[in-house]
Amino acid sequence: MVSQLGAPSGKGFFSAKTKPNPMNIRTLDRKITELQLDGYVLYAASSQDANLYYLTDFLAEAPFLFLRTGGQSLLVVSSMERARAIRSSTADQVRSREEFQRDSHELEGDRATVDLFVSVLKEYHVKHLGVDAAFPIILADALRSDGYELHPISGSIERLRSIKTARELGHMTTVQRASEKAFASALATLRRSEIIGDTLRYEGQVLTSERLKAIIGCSLINDGCTSKDVIASSGYDSALPHLTGSGAIKAHSAIVLDIFPQSIESRYHADMSRTVLRGDAPRELAEMFTAVQEAQELAIQRIRPGISGAEVHLAVADHFEESGFHTDLEKGSGFIHTTGHGLGLEVHELPFLSKRGGVLGKGNVVTVEPGLYYPSIGGVRLEDAVVITHNGNRNITKVKKEFVI
């Protein structure tokens, strides 16, 4: 049942100065009403929880409490963080943990967190609450034992996040341009490298995966981005899609560069892959590159509102089979991953271009990254990011695709 909130404990629940929400949070409010809940609650560190950051615009390394009830948002943070949260978050009200812990004998640990929740939920008359799948089980068990009813609302915030606003698209485009600059730096290094047998030498030393990744990483940092990892694999290593690469970069073989940074300021991601080759291209690799490029073009042509991710993925898989590139999942050869995934505050989010991918809609941003991998030959992957428009899509990746460099 939805609570009718008054002013708890004689305090005004929400300040007169209401900040704009970064999203259409009314969808969440409708879900709360539909399920006859009193509110929705999250407890996490927003630096690690994309849903919480999305709902609050407040970045913190320590866990804090978010409550949505009566069409308004409340944050409960440490007293040290309250002023910062008031300034930077989109919450209607920010209060300190200490306000709710004055009568608590425990100020740290799981019991203290449970006591905090009970104090907040009592003050705002919330008994039936929605939580997401990542809600801590220790908290859930303790609250249920205290008589609270918890109802998982799986996927609701993730679906909201999948529809990007113009502001979000601007953030993502900025990160994409940083990715392209970083790729250009790596490409320039490869072009200037000298072919010695089956290895490359740059500035008198063997060019390694580690050095390429450092060049990419430094460029990203200079543009205000960070990346948990970068893929720069070559030779037979390129046949393992998520192997980041190590050791000497091989000449006359595939070099897969996959860059997926996050903006330090906006928290949004980009994701881009290119496969290049320095030297003489074996026929098998050249044919793989052509097939992958054709598959990507085919997929991008199909992406529009109303089509399912499954349809796009199946079209790519059929193209590879019809082109003579067969897949054996047990051997890890052929087209062994999905066609793409959503992109935003997380590098992998809704929607997906996969066997069970759902219907795509305007505002979705998805990667399109078909690939072919054969352990005895190497791998080829090309990846762009596209935003779905009212009647098709727009590619936000501007780096051309060339194989032999």
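Contact means heavy atoms within 4.5 Å.

**Figure 1. Overview of the predicted model of the protein chain.** On that criterion, among contacts between residues at least 6 apart in sequence, 64% join residues at least 24 apart. The chain holds 11 helices and 21 strands. Its C-alpha atoms fill a box of roughly 80 × 45 × 35 Å along the principal axes. Of the 405 residues, 54% are buried.

**Figure 2. Packing of helix α8 against helix α9.** Two packed helices are described by the angle between their axes and the distance between the axes. For α8 (residues 166–192) and α9 (residues 209–222), the angle is about 145° and the axes are 8 Å apart. The crossing of the two helices is right-handed. On the α8 side, the contact is made by A178, S179, K181, A182, S185, A186, T189 and L190. On the α9 side, L212, I215, I216, S219 and L220 take part. By type, the residues of this contact divide into 8 nonpolar, 4 polar and 1 charged.

**Figure 3. Surroundings of S219 in helix α9.** S219 has a relative accessible area of 11%, so this serine is buried. Leaving aside neighbours within four places in sequence, S219 is in contact with K181, A182 and S185. These three residues belong to the α8 side of the helix pair. T338 lies 119 residues from S219 along the chain, and the C-alpha atoms of the two are separated by 29 Å.

**Figure 4. The largest nonpolar core, with 34 residues.** Within this core, L28, Y40, L55 and L75 touch the most other members. Two or more residues each come from α1 (26–34), β1 (39–44), α2 (50–56), β2 (64–69), β3 (72–77), α7 (156–161), α8 and β20 (384–388). Helix α2 gives the most, with 5 residues. Not counting residues up to four places away in sequence, L28 touches Y40, L55, R68, I157 and L160. Another core, of 30 residues, lies apart from the one shown and includes F289, A291, V368 and F403.

**Figure 5. Surroundings of V365 in strand β17 (residues 365–368).** V365 is buried because its relative accessible area is 1%, and the cut-off is under 20%. Outside its sequence neighbours up to four places away, V365 touches S162, K164, L169, M172, H341, G342, L343, V386 and V387. One of these, K164, is 201 residues from V365 in sequence, while the C-alpha atoms of the pair are 7.3 Å apart.

**Figure 6. N364 in the loop between β16 and β17.** N364 counts as buried because its relative accessibility is 3%. Its side chain reaches the backbone nitrogen of G361 at 2.7 Å. With neighbours within four places in sequence left aside, N364 is in contact with S162, I163, P351, V386, V387 and I388. Among these, S162, V386 and V387 are also touched by V365.

**Figure 7. The cis peptide bond from L350 to P351.** Most residues other than glycine have a negative phi, and most peptide bonds are trans. The bond from L350 to P351 is cis, with omega near -5°. P351 is placed in strand β16 (residues 349–353). The contacts of N364 include P351.

**Figure 8. Positive phi at D57 and H125.** Phi of D57 is near 60°, and phi of H125 is near 55°. Each value is positive in a residue other than glycine. D57 lies in the loop between α2 and β2. H125 is in the loop between α5 (109–123) and β5 (128–131).

**Figure 9. Polar contact of Q93 with Y124.** Q93 lies in strand β4 (residues 93–96). At a relative accessibility of 13%, Q93 falls under the 20% cut-off and is therefore buried. The side chain of Q93 makes a polar contact of 3.3 Å with the side chain of Y124.

Conventions:
Residues are numbered from 1 along each chain as its sequence is written. This is a predicted model: local features need pLDDT of at least 70, side-chain atom pairs count only at pLDDT 80 or more; totals for chains, interfaces and linings use all residues. Side-chain values use heavy atoms; hydrogens and water are left out. Axes are lines fitted to C-alpha atoms, for helices over the stretch in contact, and angles run from 0 to 180 degrees between N-to-C directions. Helices (H or I, at least four residues) and strands (E, at least two) are DSSP runs, numbered from the N terminus. A crossing is left-handed if the near helix is turned anticlockwise from the far one by less than a right angle, and right-handed if clockwise. Ala, Val, Leu, Ile, Met, Phe, Trp, Tyr, Cys and Pro count as nonpolar, Asp, Glu, Lys and Arg as charged, and the others, Gly among them, as polar. A nonpolar core is a set of buried Ala, Val, Leu, Ile, Met, Phe, Trp, Tyr and Cys residues joined through side-chain atoms within 4.5 Å. Buried means under 20% relative accessible area, exposed over 50%, partly exposed in between (1.4 Å probe, protein chains only). A polar contact is a pair of N or O atoms within 3.5 Å; within protein, one must be able to donate a hydrogen and the other to accept it, and residues adjacent in sequence count only if both atoms are side-chain atoms.
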